[in-house]
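Let's learn to read a protein model together, one feature at a time. Have the structure open and follow along.

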Amino acid sequence: MEPVVQSARMLQTPKVWNNISPQLYVTFWSLSMYDVHVPVDRYELEIQRFKQQIVQLEENKDLAASKKKKDKERWAQLIDKLKDEQRRQEEHNQCVMSWLKHERDSWFPSKSTKSETITQFLQLCMFPRCVFTASDAIYCAKFVHMLHNLKTPNFSTLLCFDRVFSDISYTVASCTENEASRYVMRWHGDRKTYDKECGSYPGFVTVLRATNTDKADHLDYENFRHVCHKWQYKLTKALVVCLESKDYTQIRNTIMVLTKILPFYPKVLNLGQALERRIDKICEEEKDKRPDIFALAMG
């Protein structure tokens, strides 16, 4: 990969690589969802569906024995194929994660503040890719979660989420907020989960000490809940601006994003009411002008 890294180095000024390394840049743009995430639940769902088909065949008394046997063999083969595919992807994912864990220390040089690091990461990696496709948007969220889980040095999960929720104009056409919100509200909803998955992670450090022997300050659970409230407020404010923009694409995409994040947002009553009022106004204004926007808003 070194020749590719050297080529990537020429794409930006040397100052940029003080914030993120070309190794991270190449890694981010080289990987895909297949590399960073195994959809175990989806595999299990499909396998159970195929098994149910076999059960239904067994219960079908009207089907000829030869036909029943042939169909059962076909479903059994599909189950075996899915299990083998899942096994191969899990093995591949383990190899990728092992390699990423080995590489993580070089990704974010400690030559700049974490704010500058996150800015460069979002501008060069997250924001450009998350608007390609829905799959790319989900990949971006999975990649951030992976950075957090690997306890990547000099990467602030808190700052990254803060920027994502604050600057949604860049990602209003994507599913990034849906994935990010799912992780955040999972941590918000349970102290034990938060303590286990965030409490001692470098991504949730709030104050860095002068020496390595001093213990860094991590964001505790109650303060994290306050941060979540701030993110919900910022998200609401940005979404209202988009809904009031009069721009067709922005309004349409904002409504679509809202439908995606409904299971996790809004969690604050008055923020939800503010959005409802704006949606009601759109329904009134667009009923006879733009039926597709009206239909989305009504949905």
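What follows is a conversation between a learner and a teacher about this predicted model.

Q: Where do I start? How many helices and strands does the protein have?
A: Start with the overall make-up. The protein has 14 helices and 2 strands.

Q: What share of the 299 residues is buried?
A: Buried residues account for 43% of the 299 residues. As for the outside, the accessible surface of the protein is about 16,700 Å², and carbon and sulfur atoms contribute 53% of that area.

Q: How much of the contact in the protein links residues 24 or more positions apart?
A: Take the contacts with a separation of 6 or more: 71% of them join residues that are 24 or more positions apart.

Q: How do I describe two helices that pack together? What are the angle and the distance for H6 and H8?
A: The general idea is that a packed pair is described by the angle between the two axes and the distance between those axes. Here, helix H6 (residues 114-130) and helix H8 (residues 157-166) pack at about 55°, and their axes are 10 Å apart. That angle makes H6 oblique to H8. The crossing of H6 past H8 is right-handed.

Q: Which residues of H6 and H8 meet?
A: On the H6 side they are Lys114, Ser115, Ile118, Thr119, Phe121, Leu122 and Met126. Their partners in H8 are Leu159, Cys160, Arg163 and Val164. Sorted by class, this contact has 7 nonpolar, 2 polar and 2 charged residues.

Q: Now for another pair. Are H2 and H6 roughly parallel or roughly antiparallel?
A: Look at the angle again. H2 and H6 pack at about 5°, with their axes 11 Å apart. Angles under 35 degrees count as roughly parallel, so H2 and H6 are roughly parallel to each other. Leu24, Tyr25, Phe28 and Trp29 in H2 meet Phe121, Leu124, Cys125, Met126, Pro128 and Arg129 in H6. This contact of H2 with H6 divides into 9 nonpolar residues, no polar ones and 1 charged.

Q: Which residues of H2 are buried, and what do they pack against?
A: In helix H2 (residues 22-30), the buried residues are Pro22, Leu24, Tyr25, Val26, Thr27 and Phe28. The buried residues of H2 pack against helix H1 (2-9), H5, H6 and H7.

Q: How do I read burial for a single residue? Is Phe143 buried or exposed?
A: Check its relative accessibility. Phe143, which lies in helix H7, has a value of 0% and therefore counts as buried. Leaving out residues up to four places away in sequence, Phe143 touches Leu24, Phe28, Leu31 and Phe121. Try finding Leu31 in the viewer: 112 residues separate Phe143 and Leu31 along the chain, while their C-alpha atoms are 9.3 Å apart.

Q: What about a charged residue? Where is Asp71, and is Asp71 buried or exposed?
A: Asp71 sits in helix H5 (residues 65-103). With 11% relative accessibility, Asp71 counts as buried. Beyond its neighbours within four places in sequence, Asp71 is in contact with Leu57 and Leu63.

Q: I have heard of the backbone angle phi. What is the phi of Lys151?
A: As a general idea, most residues other than glycine have a negative phi. Lys151 has a phi near 55°, a positive value in a residue other than glycine. Lys151 is found in the loop between helix H7 (134-149) and H8. Its relative accessibility is 38%, so Lys151 counts as partly exposed.

Q: What does Asn154 show, and which residues does Asn154 contact?
A: Asn154 has a positive phi too, about 65°, although Asn154 is not a glycine. Asn154 lies in the loop between H7 and H8 and is partly exposed, with a relative accessible area of 30%. Setting aside neighbours within four places in sequence, Asn154 is in contact with Phe108, Pro109, Ser110, Lys114 and Thr117. Asn154 and Ile118 are 36 residues apart in sequence, and 9.7 Å separates their C-alpha atoms in space.

How values were computed: Residues numbered from 1 in each chain as written. Predicted model: local features only at pLDDT ≥ 70, side-chain atom pairs only at ≥ 80, totals over all residues. Heavy atoms only, no water. Axes fitted to C-alpha atoms, helices over the stretch in contact; angles between N-to-C directions. Helix = DSSP H or I, 4+ residues; strand = E, 2+ residues; numbered from the N terminus. Parallel < 35°, antiparallel > 145°, perpendicular 65-115°, else oblique. Left-handed = near helix turned anticlockwise from the far one by under 90°. Contact = heavy atoms within 4.5 Å. Nonpolar A, V, L, I, M, F, W, Y, C, P; charged D, E, K, R; others polar. Buried < 20%, exposed > 50% of the residue type's maximum accessible area, 1.4 Å probe, protein only. Areas by Shrake-Rupley, 256 points an atom, 1.4 Å probe, with all protein chains shown as cover.
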